Amino acid sequence: MYAIVDIETTGGHASANGITEIAIVIHDGKEVVQHYQTLINPGISIPIYISALTGIDDDMVRQAPPFKNVAAEIYDLLQGKVFVAHNVNFDYSFVRHHLSQSGFDLQLKKLCTVRLGRKILPGYASYSLGKLCKCLNIEIEGRHRAGGDAHATAKLFTMLLENDKEGLIQKSLNRNSKEQQLPPYLNREELDKLPSCPGVYYFKDRKAKVIYVGKAINIKKRVYSHFSGNNSGRQRQEFLRNIHTIDFKECGTELMALILEASEIKRLWPENNRALKRFDLAYGLYVYEDQKGYNRLMIDKKKKFSTPVYSFSQLSEGHNLIKVLMKEFELCPKLCFIQRNSEPCIGVEEEHCHGACEGKEHQWSYNQRVKAALAGLKAGLPSFAFIDEGRTGEEHSVVLMESGQLKGMGYLPKDQDLEDVLAVKSFLEPYPSNDYIRTVVQTFASKYPEKVVRI
C-alpha cells in the first residue's frame, strides 16, 4: 500500500514553518482506494507570496485544526505504507517533523516521483509536477493545492507503475537501496562513478556552478553520508534540492585532500561552505616604523588585507615570541609594546639595553637588530617535505614546506632522490599557503614524524 502525500506550507523548511494543508491519497498499487484532505492552522502567519501561490491565506485556516489535533489520524493513515511524493524528502521532512512534535515517530520507506519519473519516463525537459503532468496529459484540478497535486501525483504514480518494465520501483524499496535518500535531481550514475579513496568532491547545481566542496578519506562513503538522515532545517533542504551533479579529484592522502579542499574553497567560494571561509588565526606579528624612525614590533588583531610576519591563535603566543626575540636580539621592551607605562625601561639596568626608547641609540643600529630578529624568525620556521603514500604503489605523495609556508604538493616516483630539492619541486604543483593549511601540515608533521624529511 502506498500513501501519496502532498502538503502546502508557510515556507521551505520544517524546523521553522508550519503545514497549512495536507492531502493523503491511499493507493493499492492499482488504483486509489482512499482520500484524506484537510486545511491546517499553522499557528503562524502565512506569507503573502505563499498565499499568492496557493490561494491559502490566514482567514482560510483560522478555524482549521492545528496539526496536533489531526496528528493521530495522519499517523494512522501513513503507518505501514510507503510514503510517496513529488520531491519526497521535502514532504517527508515536514510531516515527520510535525508528527514528532506531536509525539509520533514516523519511520517509512519513501518513493520520489521526480526520481522515478526521470528513470522510468526519461527524455522530458522538466520533471516539475506541473510541466511533467502537462506533457503526460494529466489534468491537475487545483494546482498548488494539496488535494489537486496529490491526485495528480497519484495518476503519475499509476503511470509509473504501469511503465516500470525493469522493476525500478521495487528495487528502490529494497532494504539496501539508498535511492530515495538522494536529492531529486541527482542521477544515481553520478554516485556510481565515485571512487573509494581520499580526495575532494564538488556538488554542482543545474548550471554546473559549484555549491559545496568537501574532503574525504573515502569519497564515495562521505558523499553518501550527506544524504542520510532527515534533517528538516532550511539550509539542508535547499542544499539537497540544488544538487544536480558531482565531480571529484582523487588524492593520495587525507592531508593532500585537506589542502586541496581549503585551496578550492578559497578559489571557488561555494555558498554552502562556511567553516573554512571563516578560519583565520586571530593575531599577527607586525613591524612598522614610528615617527622617530625606529622599527617597532607589535602583536595585534589581524585585519583584512594586512600581511603579518607571523600568525597566532592566541595573544599570549605572540607575546611569548616577542619576549624571546627581545632577549636574543636585545630589543627594547617599550618599542615592542611589552612595557607600556611611563616608567624607565625594564632593561635599563641590564647590559643588553641600548636605550633606544630614550633616543640614546641611533635608529639605524636598533633597526639592524630588528631586521636580524625577523630574519632569525623566518630562518627558524620549518622547511621539510612530508612524504606519504601515493595514488598508486609506484609513487610517493609529497607536501613541501619552506620557511613555514606551503610551496606545493604532488606525486613523484618512488626511486626519486628526495635530497634533490630542485628535482622534487619539478614534480609539485604550487598551492597558496594560509594559516589553516600551515596549521594542518604542521599538525600532521608532529603526529607522524617518521614521514618528515628535513630539507
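Tyr2 is buried in this predicted model, with a relative accessible area of 13%. That value falls under the 20% cut-off, so Tyr2 counts as buried although some of its area remains accessible. Phe157 is buried too, and its relative accessible area is 0%. The rings of Tyr2 and Phe157 form an aromatic pair, with 4.8 Å from centre to centre and 65° between the planes. This geometry is edge-to-face. Tyr2 belongs to strand β1 (residues 2-9) and Phe157 to helix α7 (residues 146-163), so their pairing ties together parts of the chain that lie 155 residues apart in sequence.

A further edge-to-face pair is formed by Tyr294 and Tyr366, where the ring centres are 6.0 Å apart and the planes meet at 70°. Here, too, distant parts of the chain are linked: Tyr294 sits in the loop between β9 (283-289) and β10 (295-301), while Tyr366 is in helix α15 (residues 363-380), 72 residues away. Tyr294 and Tyr366 are both buried.

In total, the structure holds 15 aromatic pairs. Ring pairs also join Tyr201, Phe203, Tyr212, Phe227 and Phe239 into a cluster.

The next topic is the nonpolar cores. In soluble globular proteins, nonpolar side chains tend to be buried together. The largest nonpolar core in this model has 56 residues. Those that touch the most other members are Ile22, Ile24, Leu78, Phe83, Val95, Leu111 and Ile169. Phe83 shows what such a position involves: apart from neighbours within four places in sequence, Phe83 is in contact with Ala3, Val5, Leu78, Val88, Asp91, Tyr92, Val95, Leu108, Lys109, Lys110 and Leu111. Three of these partners, Leu78, Val95 and Leu111, are themselves listed among the core members with the most such contacts. The contacts of Phe83 also include the charged residues Asp91, Lys109 and Lys110. A second core, separate from the largest, has 28 residues, among them Ala257, Leu406, Tyr431 and Tyr436.

Some enclosed space remains inside the model. There are 2 cavities of 30 Å³ or more. The second largest cavity contains about 40 Å³ of space. What lines it? The lining of the second largest cavity consists of Ala385, Val398, Leu400, Leu418, Val421, Val424 and Ile455. Two elements, β13 (395-402) and α16 (421-426), each give two or more residues to this lining. By residue class, the lining of the second largest cavity has 7 nonpolar residues, with no polar and no charged ones.

Notes
Residues are numbered from 1 along each chain as its sequence is written. This is a predicted model: local features need pLDDT of at least 70, side-chain atom pairs count only at pLDDT 80 or more; totals for chains, interfaces and linings use all residues. Side-chain values use heavy atoms; hydrogens and water are left out. On a 1 Å grid over the protein atoms alone, a cavity is a set of points where a 1.4 Å probe fits but cannot get out, and a pocket is an open set with protein on both sides within 12 Å along at least five of seven lines; lining residues have an atom within 4 Å of a point. Grid points are joined across faces, edges and corners, and a volume is the space filled by probe spheres set on the points. Helices (H or I, at least four residues) and strands (E, at least two) are DSSP runs, numbered from the N terminus. A nonpolar core is a set of buried Ala, Val, Leu, Ile, Met, Phe, Trp, Tyr and Cys residues joined through side-chain atoms within 4.5 Å. Buried means under 20% relative accessible area, exposed over 50%, partly exposed in between (1.4 Å probe, protein chains only). Contact means heavy atoms within 4.5 Å. Rings of Phe, Tyr and Trp (its six-membered ring) pair if their centres lie within 6.5 Å; planes under 30 degrees apart count as stacked, over 60 as edge-to-face and the rest as tilted.
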